[in-house]
There are 2 protein chains.
Amino acid sequence: MATLNRPGAPDGHVCGIDTAMEVIGGKWKVLILWELHEHPCRRFGELRRLIPGITEKVLASHLREMEADGVVRRVSYDEVPPRVEYSLTEDGTRLNKALQPLADWGRERSIT
Amino acid sequence: MATLNRPGAPDGHVCGIDTAMEVIGGKWKVLILWELHEHPCRRFGELRRLIPGITEKVLASHLREMEADGVVRRVSYDEVPPRVEYSLTEDGTRLNKALQPLADWGRERSIT
DNA sequence: GTGGGTGCTTACCCTAGGGTGAGCAAGCAC
DNA sequence: GTGCTTGCTCACCCTAGGGTAAGCACCCAC
């Protein structure tokens, strides 16, 4: 537990958590991560349907950011109508695993 | 990994992560958690000094929310000038441990 | 030619959450 | 009386991030 960085790290990051929080900071990002983990390959429309409440604009921008962050991979097939498939990268998969204890914590407390 | 809840859970929570994200959702909450973990008992002013950039208003409101969420305990001594000490609850300590893998993930990626 | 399907983008609005600065109670030191 | 301390609160502003609705490209089916 004494392995985290102390203050003074570059760009104001105290420990790795801030870095992680920036990546999962969007309102729906953990849910996208979760869906892509459950089914390793999802199309845009599938994700929209699977995550009730999310709008196309936000889904698109979240996916773009997550792609830029290297946790999501986007594959576009040159077809009509267009087909685009999203999947987790290695890093995204590891991020999801790192979220597991947090999910457990939340699940325990919502039961209690 | 197949232990998380499926959609249809009460109040729109898909898995425990949403619950956890609500608790750590504030801009500075993970840092407060971290400081209280490093030193089990901190005064208000100490926290303000230890977390550069946070304002008194936000620190106070974050602490109040975290107390309401049951992750932080507030003890006020009837002295002048006033003395108030904050510490993690059992649940807060477990939350912090659950954040550890996430911190590790972030740390690895900021090195790379 | 009208409609449908897909994966977006663009323009706009709107609110929550955070930042700014001031004030306040209450006692002590000088 | 002036100032110092601590742990806040209150009033205000301001911006990022999200929600709303529309449009667009491309082809097919009818």
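**Figure 1. The sheet of chain A in the predicted model is open and has 3 strands**. The strand order in chain A is β1-β3-β2, and the pairing is antiparallel. The edge positions are taken by β1 (42-43) and β2 (72-77) of chain A; each has a single partner strand, so one side of each is left without a neighbour in the sheet. Between β2(A) and β3 (residues 83-88) of chain A, the antiparallel pairing extends over 6 bridges. Within this pairing, V72(A) has L88(A) in β3(A) as its bridge partner. Helix α4(A) packs on the sheet, where β2 and β3 of chain A are touched by the helix. The direction of α4(A) makes about 115° with that of β2(A).

**Figure 2. Chain A combines 5 helices with 3 strands**. Along the sequence, the elements of chain A succeed one another in the pattern α-α-β-α-α-β-β-α. Chain A comprises 112 residues, of which 32% count as buried. Among contacts in chain A with a separation of 6 or more, 44% are between residues 24 or more positions apart.

**Figure 3. The sheet of chain B is an open sheet of 3 strands**. Its order is β1-β3-β2, with antiparallel pairing. Why does one side of β1 (42-43) and of β2 (72-77) of chain B lack a neighbour in the sheet? Both strands stand at the edges with a single partner strand each, so one side of each is left without a neighbour. The antiparallel strands β2(B) and β3(B) are joined by 6 bridges. In this pair of strands, R73(B) is placed opposite S87(B) of β3(B). Helix α4(B) packs on the sheet and touches β2 and β3 of chain B, with its direction at about 115° to that of β2(B).

**Figure 4. Chains A and B are in contact through 28 residues from chain A and 28 residues from chain B**. On the side of chain A that touches chain B, at least two residues come from each of α1 (16-23), α2 (29-38) and α5 (90-111) of chain A. The element that gives the most to this side is α5(A), with 14 residues. By class, the side of chain A that touches chain B has 16 nonpolar, 6 polar and 6 charged residues.

**Figure 5. The largest nonpolar core contains 49 residues**. Which residues have the most contacts inside this core? They are L102(A), I17(B) and L102(B). Apart from neighbours within four places in sequence, the contacts of L102(B) are I17(A), A20(A), A98(A), L99(A) and L102(A). In soluble globular proteins, nonpolar side chains tend to be buried together.

**Figure 6. The surroundings of DNA strand C comprise 20 residues**. The residues that come nearest to DNA strand C are R43(A), G45(A), P81(A), V84(A) and K27(B). At least two residues of this surface are supplied by each of α3 (44-50), α4 and β3 of chain A and α4 of chain B. The surface near DNA strand C has 10 nonpolar, 3 polar and 7 charged residues.

**Figure 7. The surroundings of DNA strand D comprise 19 residues**. Those that come nearest to DNA strand D are K27(A), G45(B), A60(B), P81(B) and V84(B). Two or more residues of this surface are given by each of α4 (56-68) of chain A and α3 (44-50), α4 (56-68) and β3 (83-88) of chain B. The surface near DNA strand D divides into 9 nonpolar, 3 polar and 7 charged residues.

Methods: Residues are numbered from 1 along each chain as its sequence is written. Chains are lettered from A and ligands numbered from 1 in the order in which they are written. This is a predicted model: local features need pLDDT of at least 70, side-chain atom pairs count only at pLDDT 80 or more; totals for chains, interfaces and linings use all residues. A nonpolar core is a set of buried Ala, Val, Leu, Ile, Met, Phe, Trp, Tyr and Cys residues joined through C-beta atoms within 7 Å. A residue is buried if 20 or more other C-beta atoms lie within 10 Å of its own, exposed if 12 or fewer, and partly exposed in between; C-beta atoms are placed from the backbone. Two residues are in contact if their C-beta atoms, placed from the backbone, lie within 7 Å. A residue is near a molecule or strand if its C-beta atom, placed from the backbone, lies within 6 Å of it. Helices (H or I, at least four residues) and strands (E, at least two) are DSSP runs, numbered from the N terminus. Ala, Val, Leu, Ile, Met, Phe, Trp, Tyr, Cys and Pro count as nonpolar, Asp, Glu, Lys and Arg as charged, and the others, Gly among them, as polar. Two strands pair if DSSP finds at least two bridges between them. Axes are lines fitted to C-alpha atoms, for helices over the stretch in contact, and angles run from 0 to 180 degrees between N-to-C directions.
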